[in-house]
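Colleague: I should like to go through this model with you, point by point. Please give the reasoning before each value or name.

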Amino acid sequence: MTKLSRPWTAFAFLAALAVVTAGLVPTWMAVHAQDDQTEKEVERYRQMLKDDPWSNPGNLWVDRGEALWDRARGPKNASLAQCDLGLGPGKVDGAYAQLPRYFADADRVMDLEARLVWCMDKLQGFDPKTLAKTAFSNRDRSSDLEALTAFVANRSNGMKFSLRLEHAKEKEAYAVGEALFYRRQGPMDFGCVTCHADDGKRIRLQQLPYFGDTKSAQEVVATWPAYRVSQETVRTMQHRMFDCYWQMRLPELDYGSDVSVALITYLTKRGEGGEINAPSLKR
Amino acid sequence: MTSLRNAVLIAAAAAMATPALAQTASPPPDLVDRYMSESWKSATPEWRGRLAQDQTMKDCSTYRNNPPAAVHDAIIAREKATIQYPADGKLLGDWKKGEASARDGYGLRFTDKDTARANGGNCYACHQLDPKEITFGTVGPSLVHYGKNRNYSTDDAKLAYERIFNPQSVFACSHMPRFGHNKFLTVDQIKDVLAYLMDPASPVNK
């Protein structure tokens, strides 16, 4: 278990930040209203975290995820101890650094979150459709998948992303992910490329990750999942894809869908070599 | 155009950075469409309609916003033909309404449930306009003093109208939404936004 030596100073700080943010954004989804002051405060907080890493509230999600992993749950009353994340049943350390990858039992490429749903379905007997529908927490409901994702990702901290992309379906996921990055659609003609294919650009005051640059891509992919100050919860890479398509005016992207996994495969490969630091802290 | 040059640089950088992947052929469009079709199963048929692409979207996707000359010219010709001008012949509306629209990002997201509320142009997400406004994006060029720099000319107002109604009638595969063609903004809303750019009284020109 991780130790939280001074969580309450962290919460006091974050509560103050949340008040600043809440004044701007009435719902968790409306986080795109920009506030330069908030970003500065978050940056100050990041500096504080370097002195005291355990004050990141995301560690609470890591702890809860670890407890969920070990506990016998679901209709089959089983733990996730036999869940194979790619390195063999029950092997968690370093698994995230090699995802997404092809899984023969499912005969598809999966990212961490799609794989967790698979394990919770097959091992514990949870309904995958219900899991997908409730994957993102909101003000009324927490999410086990956010906690489990934070836990597994955290166990690759300090390691570097490395995807093998040997299987034909892994190569297909990468190629389709790249095409999806450039695909334009919807009533505003947007694609990922609209915001993320030029260096040093921003939307209002929000700096945009630039995937043409390896270092920028590494920094982005290695810092999800993240504790989102404006949303007061840990958000995952699946949520990032969902949120981008929301902004692109597309309907709600299915959790763990082929499009999400293909894009995450492409983006993670672009950011290969990035040292994982999860959960990080983001605005 | 910088964005086009950057697109070429990105493609070149990608090829250099990942030689093992450079041989990965672009997937056939129908494979990409199949991925799309399988990934929004929970959406209603009406919403799923947004997954489809028109020919210009397809071309810009295929060529990564950097189409070869013939495709480039075909896009401009096709998009020019879509432009509808105000029925009353007047291009400039109310700059104050245009300013409100320029600051408003509301519209057509799946959380935007109030159908009575107008969509916002959200110009500030990507452009600088009023020099006193400090929160502006940089995806598009600065439009500070847009009208003033053009001596408030009627010809330039018409060009600007066309660029808002359908930017791809001038710049093939522009990042900017085809606001009029896609019916994201009405003709009257475009006139208001145009007035924000071109009216001498607008703060954009102060």
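The exchange below treats a predicted model, beginning with chain A and then turning to the interface and the salt bridges.

Colleague: What share of the residues of chain A count as buried?

Modeller: The secondary structure of chain A consists of eleven helices and seven strands. Among its contacts with a separation of 6 or more, 69% join residues 24 or more positions apart. Of the 283 residues in chain A, the share that counts as buried is 59%.

Colleague: How many residues of helix 4 of chain A are buried?

Modeller: Helix 4 of chain A covers residues 112–122 and is mostly covered. Its buried residues include Leu112(A), Leu116(A), Cys119(A) and Met120(A). Charged residues belong to the buried set too, namely Glu113(A) and Arg115(A). Of the eleven residues in the helix, the number buried is eight.

Colleague: Which residue forms a salt bridge with Arg115(A), and is that partner buried or partly exposed?

Modeller: Arg115(A) lies in helix 4 of chain A, and its partner sits ten residues away in the loop between strand 1 (101–103) and strand 2 (108–110). The closest approach in the pair is 2.8 Å, N to O. Arg115(A) has a relative accessible area of 2% and is therefore buried, under the 20% limit. At 48% relative accessibility the partner falls between the limits of 20% and 50%, so it counts as partly exposed; this residue is Asp105(A).

Colleague: What area is buried between chain B and chain A?

Modeller: The size of an interface is often given as the accessible area lost when the parts come together. Here 59 residues of chain B are in contact with 49 residues of chain A. Carbon and sulfur atoms give 58% of the buried area, which comes to about 4,800 Å².

Colleague: Which element of chain B gives the most to the side that touches chain A?

Modeller: The rule finds 30 residue pairs in polar contact across this interface, both residues being at pLDDT 80 or more. On the side of chain B that touches chain A, the elements giving two or more residues are helix 1 (2–17), helix 2 (29–38), helix 3 (45–48) and helix 4 (55–62). That side divides into 31 nonpolar, 18 polar and ten charged residues. With six residues, the element that gives the most is helix 2 of chain B.

Colleague: Which residue of chain A meets Arg64(B) in a salt bridge?

Modeller: Three salt bridges are found across the interface of chain B and chain A, one of which joins Asp33(B) to Arg183(A) at 3.1 Å, N to O. Another, at 3.2 Å, involves Arg64(B), which is in the loop between helix 4 and helix 5 (69–80) of chain B. Arg64(B) is partly exposed, with a relative accessible area of 23%. Its partner lies in helix 7 (residues 168–182) of chain A and is buried, at 13%; the residue is Glu178(A).

Colleague: How many residues apart in sequence are the parts that Asp54(B) and Arg178(B) tie together?

Modeller: The closest N and O atoms of this salt bridge are 3.0 Å apart. Asp54(B) is partly exposed at 28% relative accessibility, whereas Arg178(B) is buried at 0%. Both residues belong to a network of salt bridges with Asp189(A) and Glu79(B). Asp54(B) lies in the loop between helix 3 and helix 4 of chain B, and Arg178(B) in the loop between helix 7 (154–165) and helix 8 (187–198), so the separation of the parts in residues is 124.

How values were computed
Residues are numbered from 1 along each chain as its sequence is written. Chains are lettered from A and ligands numbered from 1 in the order in which they are written. This is a predicted model: local features need pLDDT of at least 70, side-chain atom pairs count only at pLDDT 80 or more; totals for chains, interfaces and linings use all residues. Side-chain values use heavy atoms; hydrogens and water are left out. Helices (H or I, at least four residues) and strands (E, at least two) are DSSP runs, numbered from the N terminus. Buried means under 20% relative accessible area, exposed over 50%, partly exposed in between (1.4 Å probe, protein chains only). Contact means heavy atoms within 4.5 Å. Buried area is the accessible area (1.4 Å probe) that two parts lose on being put together, summed over both. A salt bridge is a side-chain nitrogen of Lys or Arg within 4 Å of a carboxyl oxygen of Asp or Glu. A polar contact is a pair of N or O atoms within 3.5 Å; within protein, one must be able to donate a hydrogen and the other to accept it, and residues adjacent in sequence count only if both atoms are side-chain atoms.
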